Amino acid sequence: MNVRIIKFDDFDWDEGNHLHCQSHGITIQEIENFFMQEVLFFEDKRNITNEKRWISIGKAKDKRLMFVAFT
């Protein structure tokens, strides 16, 4: 598994993301804040679509562990 650390500086949210995130008890702002720090991420090799999908693991500002899948 190839694990890297990267810094994110921009986000492109589609309409479905807001409801999807809320269903998991997290806000878009919390996710953006999560990516403003260094986080571990790796490619999701199990993804069955043609779009690359990534998984990121780290801690939120309130120290909760977070797992975020994104494309």
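Two strands are taken to pair if DSSP finds at least two bridges between them. In this predicted model, strands E2 and E3 meet that condition, since 4 bridges join them, and they run antiparallel. One of the positions along this pairing is Phe-42, which stands opposite Ile-55 in E3. Strand E3 also has a partner in E4, again in the antiparallel sense, here over 6 bridges. Within that second pairing, Trp-54 has Phe-70 of E4 as its bridge partner. The hairpin of E3 and E4 has 5 residues between the strands, and Lys-63 in this hairpin takes a positive phi near 80 degrees.

These strands belong to a protein chain of 2 helices and 4 strands. Read from the N terminus, the elements follow the order β-α-α-β-β-β. The protein chain has 71 residues, of which 28% count as buried. Among contacts with a separation of 6 or more, 42% are between residues 24 or more positions apart.

The interior can be followed through its nonpolar residues. The largest nonpolar core has 13 residues, and those with the most contacts inside it are Ile-31, Phe-34, Phe-35, Met-66 and Val-68. Helix H2 and strands E2 and E4 are the elements that give two or more residues to this core.

Aromatic rings offer a second view of the model, with 5 aromatic pairs in the structure. One of them brings together Phe-11 and Phe-35 in a tilted arrangement, with 6.2 Å from centre to centre and 50 degrees between the planes. Phe-11 sits in the loop between strand E1 (4–6) and helix H1 (15–23), while Phe-35 sits in the loop between helix H2 (28–34) and strand E2 (39–43), so this pair ties together parts that are 24 residues apart in sequence. The two partners can also be described by their accessibility. Phe-11 is partly exposed, with a relative accessible area of 23%, whereas Phe-35 is buried, with a relative accessible area of 4%.

Phe-35 takes part in another pair as well, this time with Phe-70, and here the geometry is edge-to-face: the centres are 5.2 Å apart and the planes make an angle of 75 degrees. Because Phe-35 lies in the loop between H2 and E2 and Phe-70 lies in strand E4 (residues 65–70), the pair ties together parts that are 35 residues apart in sequence. Phe-35 and Phe-70 are both buried. Taken further, ring pairs link Phe-11, Trp-13, Phe-34, Phe-35 and Phe-70 into a cluster. Phe-34 and Phe-35 thus appear in this cluster and also among the residues with the most contacts inside the largest nonpolar core.

Attention now turns to a charged residue, Asp-44, whose place is in the loop between E2 and strand E3 (54–59). Where does this residue fall on the scale from buried to exposed? Asp-44 has a relative accessible area of 9% and is therefore buried, given that the term applies under 20%. The side chain of Asp-44 reaches the backbone nitrogen of Arg-46 at 3.0 Å. Leaving aside residues up to four places away in sequence, Asp-44 touches Arg-53, Trp-54 and Ile-55. With Arg-53 the side chain of Asp-44 also meets in a salt bridge, at 3.0 Å from N to O. Arg-53 itself counts as partly exposed, at 32% relative accessibility, so this salt bridge joins a partly exposed residue to a buried one.

How many salt bridges does the structure hold in total? The count comes to 6 salt bridges. Another of them is formed by Lys-52 with Glu-43, whose closest N and O atoms are 3.8 Å apart. Both partners are partly exposed, Lys-52 with a relative accessible area of 49% and Glu-43 with one of 24%. A further salt bridge is made by the side chains of Asp-62 and Arg-64, at 2.9 Å from N to O. Asp-62 is partly exposed, with a relative accessible area of 47%, and Arg-64 likewise counts as partly exposed, at 33% relative accessibility. Salt bridges that share partners bring Glu-30 together with Asp-62 and Arg-64 in one network.

Methods:
Residues numbered from 1 in each chain as written. Predicted model: local features only at pLDDT ≥ 70, side-chain atom pairs only at ≥ 80, totals over all residues. Heavy atoms only, no water. Phe/Tyr/Trp six-rings, centres within 6.5 Å; stacked < 30°, edge-to-face > 60°. Buried < 20%, exposed > 50% of the residue type's maximum accessible area, 1.4 Å probe, protein only. Core = buried A, V, L, I, M, F, W, Y, C linked by side-chain atoms within 4.5 Å. Polar contact = N/O pair within 3.5 Å; in protein donor to acceptor, adjacent residues only side chain to side chain. Contact = heavy atoms within 4.5 Å. Salt bridge = Lys/Arg side-chain N within 4 Å of Asp/Glu carboxyl O.
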